[in-house]
Amino acid sequence: MIRSIKATAVLVVVSVLLASLGGGCAANKDSGTARTVGATPAKVRIAIQFGLGYAPVQIVKEKKLIEKYLPQAQVEWKQMGGEMIREAMLAGQLDVGFTGVAPFFVAWDKGADWKIATSLLSAPLGLQTNKKEINSLKDFTKEDKIATPYSGSIQHMLLAMAAEKELGNPKALDNNLISMQHPDAATALMSGPAISAHFAAPPYLFEELESKDIKQILDGEEAFGGEFGFLVGSATKSFHDNTPAAYAAFVMAINEAITLINTNPKEAAQILAPSFEMSPEKVEDYLTRPGTNYTSTPYGLMGFAEFMKKAGYIKKVPQDFDEICWENIYAAIGKKSGGQSPVERAQYREAK
Amino acid sequence: MIKIAGLLYVNKISKIFNGHQQPVTALEDVSFELDEGELFCILGPSGCGKSTLLRCIAGFEKLTSGEIMVEGQPVQKPGPDRTMVFQGFDQLLPWKTVLENVEFPLRVKGAGDRAEIREIAGQYISLVGLTAFMHSYPHELSGGMKQRVAIARALALRPRVLLMDEPFASLDAQTRTALQGELITIWEKFKITIIFITHNIQEAIILGSRIGVMSSQPGTIREIVPNHLGRPRFVGYPGFDEMWAELHALLDFNRLG
Amino acid sequence: MKEIFKKRLMFILLLTALWETVARSGLIKPQLFPSLVSIWQAFTAGMANGELVRNAVFSLYLIILGLVIAMFLAVVCSTFSMLSRTFGNLVDTAVAVMDPLPAIALLPVALVWFGIGQGPIIFVIVHATLWPMILNAVTGFKAVPPIYREVGENIGLSGPRLVLSIMAPAAFPYLLSGLKIGWSRAWRALIAAEMIFGTAGAHGGLGWYIYKQRYLMDISGVFAALIVIIILGVLVEDLVFGFIEKKTIKRWGMTS
């Protein structure tokens with residue numbers, strides 16, 4: 001018995017050591033550089049994400065815009081699936097990650113220490129169906145499957161908002177949800193009866209609507225009650241605090257990329273076409289579709305937060321924008337004394 | 001068409017195995033006849049082919065030449081008219097109780113409904129004195145008990161010929177003697193025809209009404225010795241030693257040759 | 001037996017204490033390493049609102065369905081294997097080729113063939129279990145002492161009846177071992193498939209629950225589901241299989 005106690009004690013000590021090493025590693029991964037600014041080249045770790053919404057990010061990569069604003073920056077572009085972004089940031093492997101607004105709040109609610117550094121765009125999102133008999137949410141039966149990328153995605157939340165309005169219960173359609181990434185969902189919707197509806201995003205939204213069997217029954221802005229930011233880019237606290245110059249370079253790079261898209265979509269399309277595997281004409285068409293707004297200013301942040309808290313997806317709501325935004329975004333929203341500016345009001349859903 | 005009088009007719013059979021190196025002649029030109037009710041012992045040294053002979057009669061081996069007839073019908077494959085008690089202790093089905101093991105062949109044969117089969121099986125089990133162990137599993141029994149169950153199982157089908165392949169070889173001397181006595185009792189009671197294989201001269205004398213002595217390489221029946229000793233037989237019975245010497249001499253011949 | 005139990009318990013208790021210490025020390029972020037208290041809370045919440053139970057039941061339902069199908073196919077394939085040499089060779093080749101293929105790798109194929117729903121998941125489960133079960137069954141059949149077969153032939157059995165009434169029970173220890181392997185493989189394949197695939201219809205299983213909680217960043221919920229998976233695994237392996245073994249191979253003295 002004594003021998004086994006000794007053995008267990010050794011095991012415990014070793015385990016604690018290993019755990020603290022592991023924990024230390026996770027903690028250390030956050031600070032990509034030394035604390036003294038300028039001593040070593042600043043590292044910027046971003047994930048490559050594909051899709052029309054990430055067009056500004058793609059342009060930043062192709063044109064090496066971060067390096068333009070901070071010549072000694074070491075930019076690491078990491079390949080990973082979109083669903084891994086939040087976990088990679090938590091594990092300290094990414095400095096900047098792009099997610100939907102709703103997933104951002106899920107992470108924030110759980111105590112993630114990152115804040116919004118930029119928006120990317122507002123975009124048309126919509127619930128589209130291949131069934132003739134479905135014209136509104138009321139027409140869905142128990143057997144109908146609705147595809148969204150994952151639980152707590154922005155599409156899921158928009159659907160929940162509409163369900164609350166039309167069916168009285170935000171979770172009314174939760175049992176109909178099936179998780180599918182956009183490309184698979186689009187294929188499924190267009191090819192067969194396996195799924196009845198897809199809450200689509202560009203460009204799949206456009207491609208689906210080209211088929212005469214598919215119609216849109218719910219528009220994203222209608223469900224939300226106004227414009228809302230689709231994708232936001234978040235920067236981790238350590239990246240923001242420890243390497244402010246790199247952070248600033250990132251912000252400027254995104255801003256320049258967004259500006260390029262808006263002022264010269266033709267050139268932007270030329271840059272994007274190879275990685276999107278589409279013709280430049282098609283890319284340009286998609287970039288300028290009605291409802292598409294490439295902007296670094298977020299919209300509808302509080303609208304999402306308040307809804308998600310009410311419907312039980314998150315437990316708290318930000319009391320002030322600086323809980324969820326870094327300085328540049330906070331400054332863009334502003335804080336009007338004695339009232340709310342239009343930009344502040346735009347962060348909420350329109351009262352109907 | 002030869003009229004076959006006896007129950008079992010073994011006519012000039014031979015069996016050649018195609019071995020790894022060259023063909024092995026296990027049996028050559030073996031012939032004998034059995035009448036009903038005989039307890040025929042086949043006595044021979046190890047490897048003389050006596051097991052092969054029995055297996056040919058059982059139908060497990062196909063003959064290379066010659067024929068075996070049981071009641072005028074040629075033997076082509078195994079069947080319940082020639083049940084076998086195998087050597088060794090592993091012939092009972094381990095997932096069945098003693099009762100189930102004895103019932104099983106009856107069930108296969110379709111010898112009546114559930115109750116009838118149970119009754120018949122029960123009788124044979126009590127015949128071998130194992131009623132108390134009816135619901136035990138084989139792994140709970142001793143070697144001697146297992147062989148008794150095997151005998152009960154083989155008898156339950158009321159075969160035309162009961163084939164026994166050195167069934168008592170792995171038992172200790174006392175159990176063997178006890179089982180020999182029980183076998184004779186059963187044989188006398190039911191008047192069944194038995195072919196009993198052994199390499200033990202004593203056993204052959206005690207059991208056999210006739211003893212076929214086999215020689216090996218090639219395996220063949222050298223001589224069939226009738227056994228006129230009265231029953232019950234035991235070592236020391238008048239004539240026992242003479243018979244023993246006679247059989248021994250017949251076997252010895254083989255060892256020198 | 002009691003010694004092992006005591007040691008195991010002590011080890012688990014120590015591990016628990018260690019876990020809680022590390023979680024509370026803040027060495028690792030709580031989003032990565034939740035405390036046992038929050039895991040317990042997630043566990044009880046999941047049980048209270050029925051979600052964990054429903055998902056667990058659904059997972060079990062899927063796996064039992066898949067196992068039954070696989071068992072049936074395994075018995076058929078191995079029976080014919082024993083009756084026909086050609087078929088036996090075919091089956092041997094199939095096993096050699098298919099067994100090394102992880103079930104989860106077939107999921108994309110299954111999705112294309114069976115669409116969305118229970119089909120692809122059942123397919124994955126059947127694949128995970130079928131090959132080891134056939135392999136064990138055939139090995140078991142071949143390991144049956146020839147004497148049993150001869151006993152069967154002696155009393156007049158042949159063909160499928162011989163296989164089913166004598167070979168199958170004789171090979172039972174192997175069949176059972178094949179089933180155990182099949183179960184454990186199927187359980188793993190099922191959870192993995194549910195996680196990757198998302199949901200099979202209106203219901204999901206434990207893998208789907210993990211998938212959902214992951215996206216809601218509820219790491220405590222993920223751990224709670226893992227605990228349920230472990231509990232179920234242990235229950236089946238110790239209780240269910242233990243019970244079966246007691247009533248069959250232990251009773252028959254057929255443990256090898």
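**Exercise 1.** What percentage of the 352 residues in chain A do buried residues make up?

*Solution.* Start with the source. This is a predicted model: local features need pLDDT of at least 70, side-chain atom pairs count only at pLDDT 80 or more, and totals for chains, interfaces and linings use all residues. Residues are numbered from 1 along each chain as its sequence is written, while chains are lettered from A and ligands numbered from 1 in the order in which they are written. Next, the criterion: a residue is buried if 20 or more other C-beta atoms lie within 10 Å of its own, with C-beta atoms placed from the backbone. The result for chain A is 47%.

**Exercise 2.** Describe the open sheet of chain B.

*Solution.* Take strands as DSSP runs (E, at least two residues), numbered from the N terminus. Two strands pair if DSSP finds at least two bridges between them. The order of the 6 strands is β6-β7-β8-β3-β9-β10, with mixed pairing. Now the edges: β6 (82–85) and β10 (220–226) of chain B each have a single partner strand, so one side of each lacks a neighbour in the sheet. Then β6(B): its pairing with β7 (residues 161–165) of chain B is parallel, over 4 bridges. One partner pair is M84(B) with L163(B) in β7(B).

**Exercise 3.** How many of the 9 residues of helix α1 in chain B are buried?

*Solution.* Helices are DSSP runs too (H or I, at least four residues). Helix α1(B) spans residues 50–58, and 8 of its 9 residues are buried. Among them are L53(B), L54(B) and I57(B). Just after α1(B), G59(B) has a positive phi of about 105°.

How values were computed: Buried ≥ 20, exposed ≤ 12 C-beta atoms within 10 Å, placed from the backbone.
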